[in-house]
Amino acid sequence: MVRNTIIECTDLRVSYGSYRALGPLSINIPANRKIAILGPNGAGKSTFIKTLAGLVSYKGLIIHNYLGCSYTAQRQEVDWKFPITCNGVVEMGLYKKVGWFRRLSPEDKEQAYNALKKLNLDEKLYHRPISALSVGQQQRVFLARAIVDEESELYMLDEPVAGVDVKTESIIYDLFDDLIAKGKSIMCAHHNLYDAAKHFNYGILVNHRLIAAGPIQQVLSKKNLEEAYGTGIAIQTNYDY
């Protein structure tokens, strides 16, 4: 079932000690969209998506209008030396469904392999340690872990294309289109305005507070961008969707 809104926030505020990192912020986020959370470095993008994912304490009200979600952190937050294989990483995404103390069934393991295939990862890599992969391959493995739980309705991703090659970037954006076609919702903290204008159809522009939210072309107007980033910034947004 496609919902009208996926998340509703009222007077959302996040502080680290005496420092106000985000808010107050009120917004209704529509469902079944490719949503880019945009703003300058240090503007609260990652804080916002982590808060919505339930990883950060906050004040205010958040209403989650979905049955399940998956979250993928920025790659610099991951311990890439942890001794685990590619398929082991993906299988971790199934334990919230089957329980941590139950063994995965052959069907579960097949589901994990299918998620890896969707990200165009060669079968030769499935049993390789995650530390032995390239940056792009590592990112695809963690996205496979996010999508392996097919019951999720919302996928929250923090900078999913940062540092990856063009091939991986294309695979990721194709995956987003497939998930949207299935009625899912995609939400990404994102730093590249040009990419956002081309690949996303809804934008949330923040700089510790909400600057603008709506169709991506409207959000990335010269007025909004200058309010968020300062004067002298503008981009072309006349893409077709």
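Pro24 is placed in strand β2 of this predicted model, and the peptide bond that joins Gly23 to Pro24 is cis, with an omega of about 5°. Most peptide bonds, by contrast, are trans, and most residues other than glycine have a negative phi. Beyond strand β2, which covers residues 19-30, the loop that leads to β3 (34-38) holds Asn32, a residue that has a positive phi of about 55° although it is not a glycine. The side chain of Asn32 reaches the backbone oxygen of Lys184 at 3.0 Å. In the same part of the model, the C-alpha atoms of Asn32 and Lys182 are separated by 8.7 Å, with their positions 150 residues apart along the chain. The chain as a whole contains 9 helices and 9 strands. Its radius of gyration is 18 Å, close to the 18 Å that the globule rule gives for 241 residues, so the chain is as compact as a globular protein of that length. Taken along the principal axes, the box filled by the C-alpha atoms is roughly 55 × 35 × 35 Å. Of the 241 residues, 50% count as buried, and the accessible surface of the chain comes to about 11800 Å², with 49% of that surface belonging to carbon and sulfur atoms. Among the contacts with a separation of 6 or more, 67% are made by residues 24 or more positions apart. The chain carries 28 positive and 25 negative charges, and the mean positions of these two groups are 3 Å apart.

Helix α1, which spans residues 45-52, is largely enclosed by the rest of the structure, because 6 of its 8 residues are buried. The buried residues in α1 are Lys45, Thr47, Phe48, Ile49, Thr51 and Leu52. Just after α1, Gly54 takes a positive phi of about 85°.

Helix α2, formed by residues 86-92, includes Glu91. With a relative accessible area of 10%, Glu91 lies under the 20% limit and is therefore buried. When neighbours within four places in sequence are left aside, Glu91 is in contact with Leu104, Lys109 and Ala112.

The loop between α4 (106-118) and α5 holds Leu125, and Asn120 lies in the loop between α4 and α5 as well. Phi of Asn120 is near 55°, a positive value in a residue other than glycine. Leu125, for its part, counts as buried at 9% relative accessibility. Apart from neighbours within four places in sequence, the residues in contact with Leu125 are Cys86, Leu133 and Gln137. From Leu125 to Ile29 the distance is 37 Å in space, C-alpha to C-alpha, and the two residues are 96 residues apart in sequence.

Helix α5 comprises residues 135-147 and includes Gln138, and Phe142 is also placed in helix α5. An α-helix has 3.6 residues a turn, so residues three or four places apart point the same way. Gln138 counts as buried at 5% relative accessibility, and Phe142 counts as buried at 10%. The side chain of Gln138 reaches the backbone oxygen of Ile130 at 3.1 Å. With neighbours within four places in sequence set aside, Gln138 is in contact with Arg75, Trp80, Ile130, Ser131 and Leu133, while the corresponding list for Phe142 consists of Thr72, Val78, Trp80, Val89 and Ile130. Trp80 and Ile130 are thus found in both lists, as contacts of Gln138 and as contacts of Phe142. The C-alpha atoms of Phe142 and Thr72 are separated by 6.9 Å, although the two residues are 70 residues apart along the chain.

Note on methods: Residues are numbered from 1 along each chain as its sequence is written. This is a predicted model: local features need pLDDT of at least 70, side-chain atom pairs count only at pLDDT 80 or more; totals for chains, interfaces and linings use all residues. Side-chain values use heavy atoms; hydrogens and water are left out. Helices (H or I, at least four residues) and strands (E, at least two) are DSSP runs, numbered from the N terminus. Buried means under 20% relative accessible area, exposed over 50%, partly exposed in between (1.4 Å probe, protein chains only). A polar contact is a pair of N or O atoms within 3.5 Å; within protein, one must be able to donate a hydrogen and the other to accept it, and residues adjacent in sequence count only if both atoms are side-chain atoms. Contact means heavy atoms within 4.5 Å. The radius of gyration is taken over C-alpha atoms; the globule rule is 2.2 Å times the number of residues to the power 0.38. Accessible areas come from the Shrake-Rupley method with a 1.4 Å probe; for residues, only the protein chains shown count as cover. Lys and Arg count as positive and Asp and Glu as negative; His and the chain ends are not counted. The place of a charge is taken as NZ of Lys, CZ of Arg, CG of Asp or CD of Glu.
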